[in-house]
Amino acid sequence: MTRPIVVINVVGLTPRLLPHAPRISALGASRAWTSPLPAVTSTSQATMLTGLSPREHGIVGNGWFYRDTQEIRFWQQASSLVQGPKFYDGVETAKMFWWFNQSSGVKYSATPKPHYGCDGSKVFDIIDNTGCDLTRKLGPFPFFSFWGPNAGLPASDWIAKATAAVIRKQKPSLTLAYLPHLDYDYQRFDVQDVARVAEVDRCAGEIIDAANEIGAIVIAVSEYGLGAVSRPVHLNRELRRRDWLTVRDGPFGEMLLPGESEVFAVADHQLAHVYVRNRDLIPEVRRELESIDGVAAVINPGDIELDHPRSGELIALADSDAWFTYYYWLDNQRAPDFASTVDIHRKPGYDPCELFMTSKVRAIGRVAQKKLGMRYKMDVIPLDATLVKGSHGLHPSDDSDGPLIVGPGDLPDDMRGFADYATNLLRGGANDEQPR
């Protein structure tokens, strides 16, 4: 009989940080490996699961411009967005908080999914298809620690305990667990406190203990490493000043109209897709973008295997100490109302300022309004992009600061090799060298 496989995705873990994670280090040898570009969650996970490049699987970032509906959408969960077979197809799998989890066809899964009311209200919850009644056993999933100003350890701790419970009860052939803990403070602060590594290592230990009980092989992976940044770059503001970007002003602030814009950027950490409606403008747009301080290069999508219909006509790469905001307004008084809230689906780009809070007193007041049944807006997110101190999306200059894989056997040096590596282990291949 082949042994089960457990894959723990420890976001942000690097070779430099690994010595501070003894439970993970003990899983086997470690190797730095190369991520796709952008080095972000959705693209990296799709690459690991399919063995394909972004030009093939189509996940060109955490979000992109949907040309048919003229919408910019981030953090979509539908598995059908990933073009290509996943290595877990046909394998009894538990998928715990990995992305593209909805309609993924796996036997067991858990994923965050709020309930939305017709009046705009939102009730936080998860979709639990594990058969383990997780919220009854562990309490409600701590949604506010999964993302937002209070993001921190409780979410990873809950996911670890939930994954351990599923492993012990269901004993799946393959388990995929996602621990996001390092992603938070390493964007808030420019110094990477190794205490955070010790915390996530303890979470991983919960899963490792359960995996050992069923005789599973355990592999740890990471998607990217985070680096210090000090300069936000507002690409869309620059494009607007050149009269290429169109907005509509209204009662809720200025709203970007991407379908009516000549040029706009979809910012995703340190990489941005730049969509150009009139291809004759591409040379001029390239020159203008290259002149912006903080832009390291402007390239064609095919140069980094991003030549897919979802990609922009151009790709902008940030300097190593810079990152791209989605901001397009020129006056904070006209910022859209969602800008000062945690709203990962409405914002036309990634916003790490959602990890910060303007005022705890203001937040307490908004919560009181909610409890009283009043209409309210949780407008506690600052519009000061200089607060952000860490980012990712590019390949690091030193492999010690990039992603890694830890496990038995011949480890791949590229995320595209993970599907074959894991499949070989699932078939009882020669890579099965981890002690029982």
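Q: In this predicted model, is Asp321 buried, partly exposed or exposed?
A: Let's go by the relative accessible area: under 20% is buried and over 50% is exposed, with partly exposed in between. Asp321 has a relative accessibility of 29%, so this residue counts as partly exposed.

Q: Which residue forms a salt bridge with Asp321?
A: Side chains of opposite charge can pair when their charged atoms come close. For Asp321, the closest N and O atoms of the pair are 2.7 Å apart. The partner is itself partly exposed, at 23% relative accessible area. That partner is Arg231.

Q: How many residues apart in sequence are the parts that Asp321 and Arg231 tie together?
A: Asp321 sits in the loop between strand E19 (314-318) and strand E20 (322-324). Arg231, on the other hand, belongs to strand E13 (residues 231-233). The pair therefore ties together parts whose separation in sequence is 90 residues.

Q: Which residue forms a salt bridge with Glu305?
A: Glu305 is partly exposed at 26% relative accessibility, and its partner is partly exposed too, at 33%. Their closest N and O atoms are 3.0 Å apart. Glu305 also belongs to a salt-bridge network that includes Arg55, Asp307 and Asp414. The partner in the pair is Arg416.

Q: Are Glu354 and Lys347 buried or exposed?
A: These two side chains meet in a salt bridge, at 2.8 Å from N to O. Glu354 has a relative accessibility of 2%, and Lys347 has a relative accessible area of 1%. Since the cut-off for buried is under 20%, Glu354 is buried, and Lys347 is likewise buried.

Q: How many salt bridges does the count come to?
A: The pairs met so far include Asp321 with Arg231 and Glu354 with Lys347. Counting by the same rule, a side-chain nitrogen of Lys or Arg within 4 Å of a carboxyl oxygen of Asp or Glu, the count comes to 30.

Q: What distance does helix H7 reach from its first C-alpha to its last?
A: Helix H7 covers residues 194-213, which makes 20 residues. At 1.5 Å a residue, the expected span is 28 Å. The model comes close to that, with a reach of 29 Å.

Q: Which residue has a side-chain oxygen that reaches the backbone nitrogen of Ala195?
A: The place to look is the start of H7. There, a side-chain oxygen comes to within 2.9 Å of that nitrogen, and the oxygen belongs to Asp193.

Methods
Residues are numbered from 1 along each chain as its sequence is written. This is a predicted model: local features need pLDDT of at least 70, side-chain atom pairs count only at pLDDT 80 or more; totals for chains, interfaces and linings use all residues. Side-chain values use heavy atoms; hydrogens and water are left out. Helices (H or I, at least four residues) and strands (E, at least two) are DSSP runs, numbered from the N terminus. Buried means under 20% relative accessible area, exposed over 50%, partly exposed in between (1.4 Å probe, protein chains only). The expected span of a helix is 1.5 Å times one less than its number of residues. A polar contact is a pair of N or O atoms within 3.5 Å; within protein, one must be able to donate a hydrogen and the other to accept it, and residues adjacent in sequence count only if both atoms are side-chain atoms.
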